[in-house]
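Here is a short report for a first look at this structure. Keep the sequence and the model in view while reading.

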Amino acid sequence: MNNQKVTIFTDGGCRGNPGPGGWGAVVQFAEQEKEIYGYDPETTNNRMELMAAISALELLKRPCDINLTTDSQYVRKGILEWMDGWKKRGWKNSAKKPVKNKDLWLRLDDAVQRHQVEWHWIKGHSGHAGNERADDLANRAMDEKQGNI
């Protein structure tokens, strides 16, 4: 498989949890780079972290080899460790309760199917350039919608 190599950095956040939220992603591909971001007026941190990854993956039009870096253990562990069990249990968690954010987990599962994705976690707000840029985009989304810019 000779797929395009893509590097993605994602972040999401909220002002209040729940509250208004934003997500951001930096997508690097060959010599090109694209910044994307979005807003939700009433959401949670976890939903915004998921939306950042989903939106970045959905942006890609053909199969790619992806290195995706997030500061969300929820997203990374969800896709790598928990999702198979959720599916086997009919989208119930280990406590037999419905999985939160099932709509976004289904979307993320669909988005990763055509790609080879390596998931990486880094500590947020630790000076990692890609993560800081994604965080800035998430904050920009909230600032623009809340009239702070």
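Aspartate 84 is found in helix α2. Helices (H or I, at least four residues) and strands (E, at least two) are DSSP runs, numbered from the N terminus. Aspartate 84 counts as exposed, at 52% relative accessibility. Exposed means over 50% relative accessible area, buried under 20%, and partly exposed in between (1.4 Å probe, protein chains only). The C-alpha atoms of aspartate 84 and valine 27 are separated by 27 Å, and the two residues are 57 apart along the chain.

This is a predicted model: local features need pLDDT of at least 70, side-chain atom pairs count only at pLDDT 80 or more, and totals for chains, interfaces and linings use all residues. Residues are numbered from 1 along each chain as its sequence is written, and side-chain values use heavy atoms, with hydrogens and water left out.

**Helix α2**

Helix α2 covers residues 73-88. Its 16 residues should span 22 Å at 1.5 Å a residue, and its end C-alpha atoms are 21 Å apart, which agrees. The expected span is 1.5 Å times one less than the number of residues. The helix has a kink of about 60°, centred on tryptophan 82. That bend is the angle between axes fitted to the seven residues ending there and the seven starting there.

Which residues of α2 are buried? They are Tyr74, Val75, Gly78, Ile79, Met83, Gly85 and Trp86. Their cover includes α1 (45-59), α3 (102-112) and β5 (116-121). Just after α2, glycine 90 takes a positive phi of about 70°.

**The core**

A nonpolar core is a set of buried Ala, Val, Leu, Ile, Met, Phe, Trp, Tyr and Cys residues joined through side-chain atoms within 4.5 Å. The largest one has 32 residues; Ile8, Leu57, Trp105, Leu108 and Trp119 touch the most other members. β1 (4-14), β2 (19-29), α1, β4 (64-70), α2 and α3 each supply at least two residues of this core. α1 gives the most, with eight residues.

Tryptophan 105 touches several residues, among them Tyr74, Val75, Met83, Trp86 and Trp91, not counting residues up to four places away in sequence. Contact means heavy atoms within 4.5 Å.

**The sheet**

Five strands form an open sheet in the order β3-β2-β1-β4-β5, with mixed pairing. β3 (32-43) and β5 stand at the edges, each with a single partner strand, so one side of each is left without a neighbour in the sheet. The twist averages 20° from one strand to the next. β2 and β3 pair in the antiparallel sense over 10 bridges. Two strands pair if DSSP finds at least two bridges between them. Glycine 21 has aspartate 40, in β3, as its bridge partner.

α2 packs on the sheet, touching β4 and β5, and its direction makes about 140° with that of β5. Axes are lines fitted to C-alpha atoms, for helices over the stretch in contact, and angles run from 0 to 180 degrees between N-to-C directions.

**Loops**

Two residues with positive phi are not glycines.

| Residue | Phi | Loop | Relative accessible area |
|---|---|---|---|
| Alanine 30 | about 55° | between β2 and β3 | 58%, exposed |
| Tryptophan 91 | about 65° | between α2 and α3 | 11%, buried |

A cis peptide bond joins asparagine 17 and proline 18, with omega about 10°. Proline 18 lies in the loop between β1 and β2.
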